[in-house]
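Visitor: Could you walk me through this one? I'd like to go question by question.

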Amino acid sequence: MSAAGDVLLAVPPPDPDGTLGLVLDAVGTVSIVLGVVLTLVASVGLLSLPDVLSRMHAATKPQVLGLLLVVLGGALYLRTSVDVWMLVLVGAFQLVTAPVTAHVVGRLAHRGDGVRHDLLHVDELTDSADAADPGPDPSETDEDEDEDGAGPSHRPGAAAGRSPDGHHGGSTRSSLDSTE
Amino acid sequence: MSTLPALLDAVLVVCLVLLGLSAVLVAVRLLRGPSGLDRLVALDVLVAEFLVGLVVHAALTGDSSLVPVVVAISLVGFLGSTTVARFVRRGTGR
């Protein structure tokens, strides 16, 4: 028995963590299983949800939380410093880049026909998005300068007053298009 | 005690099978999406699932030679989806 104990004590250098490694593997497996279940649920949601915004809501799960859980599990399996730091890099990069893509896609979906407006309770982008858009028509700024020569102090108030009837710029643009 | 690693490996193989199933579901959305943005979102999810599958494979085999591939695909997937989003805007704008 002491010989077996000596053998067990002599073995560790190639596998330095017997029961600790097993516990880490088990925790990593639990984390990976959670991430994969989240991914499966998100795929079902991606198939069954009605419009682009809800599908983006489903798509965020495997992109951020699922990938983070699986990366954590993989780092608990591969316990080398290079692999762990590379997996940390993957998680950090995904955390940085997923909001950028979601922002672009959500804005495009709201401009196009990717939103079912009958499913929304509040749509805060309908009024403010076009007013906040850069690049209004140059004719509007000319009108401002002709209307009141008071200078730039009145301009924010004038722009805020104009934003509710945002059809003005659209009408001028359509007239321009019709003339062209 | 010796059956636990085999159990963990079996669980990881089941995880890979579930990932394949969810990839099939996402591919259905990718092929059937009504607009280009649906396809873009589905493609993003497909890339994320591919990353997850690579990490699970690395954990299953203990072979860490695919971990740089995961980093590279994470970079390229972001660039691809953002670029495609710009072209989608140009396509559906007018």
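Visitor: What percentage of the 94 residues of chain B count as buried?
Guide: This is a predicted model, where local features need pLDDT of at least 70 and side-chain atom pairs count only at pLDDT 80 or more, while totals for chains, interfaces and linings use all residues. Residues are numbered from 1 along each chain as its sequence is written, with chains lettered from A and ligands numbered from 1 in the order in which they are written. Buried means 20 or more other C-beta atoms within 10 Å of a residue's own, exposed means 12 or fewer, and partly exposed is in between, with C-beta atoms placed from the backbone. For chain B, the buried share comes to 37%.

Visitor: Why is chain B more spread out than a compact globule?
Guide: Chain B has three helices and zero strands, taken as DSSP runs (H or I, at least four residues, for helices; E, at least two, for strands) numbered from the N terminus. The globule rule is 2.2 Å times the number of residues to the power 0.38, and the radius of gyration is taken over C-alpha atoms. For 94 residues the rule gives 12 Å, so chain B is well over it, with a radius of gyration of 17 Å.

Visitor: What box do the C-alpha atoms of chain B fill?
Guide: Take the box along the principal axes. Its dimensions are roughly 65 × 25 × 10 Å.

Visitor: Which element gives the largest share of the largest nonpolar core?
Guide: A nonpolar core is a set of buried Ala, Val, Leu, Ile, Met, Phe, Trp, Tyr and Cys residues joined through C-beta atoms within 7 Å. The largest one here has 51 residues, with Val70(A) and Val55(B) among those with the most contacts inside it. Elements giving two or more residues include α3 (52-77) of chain A and α3 (67-93) of chain B. The largest share, 15 residues, comes from α2(B).

Visitor: Which residues does Val55(B) touch?
Guide: Contact means C-beta atoms, placed from the backbone, within 7 Å. Leaving out residues up to four places away in sequence, Val55(B) touches Val70(A), Val71(A), Gly74(A) and Val70(B).

Visitor: Which element of chain A has the lowest mean pLDDT?
Guide: pLDDT is the predictor's confidence in each residue, from 0 to 100, and chain A averages 71. Over residues 134-180 of chain A it stays under 50. While α2(A) has the highest mean among the elements of chain A, at 92, the lowest, 41, belongs to helix α8 (residues 167-179) of chain A.

Conventions:
Contact = placed C-beta atoms within 7 Å.
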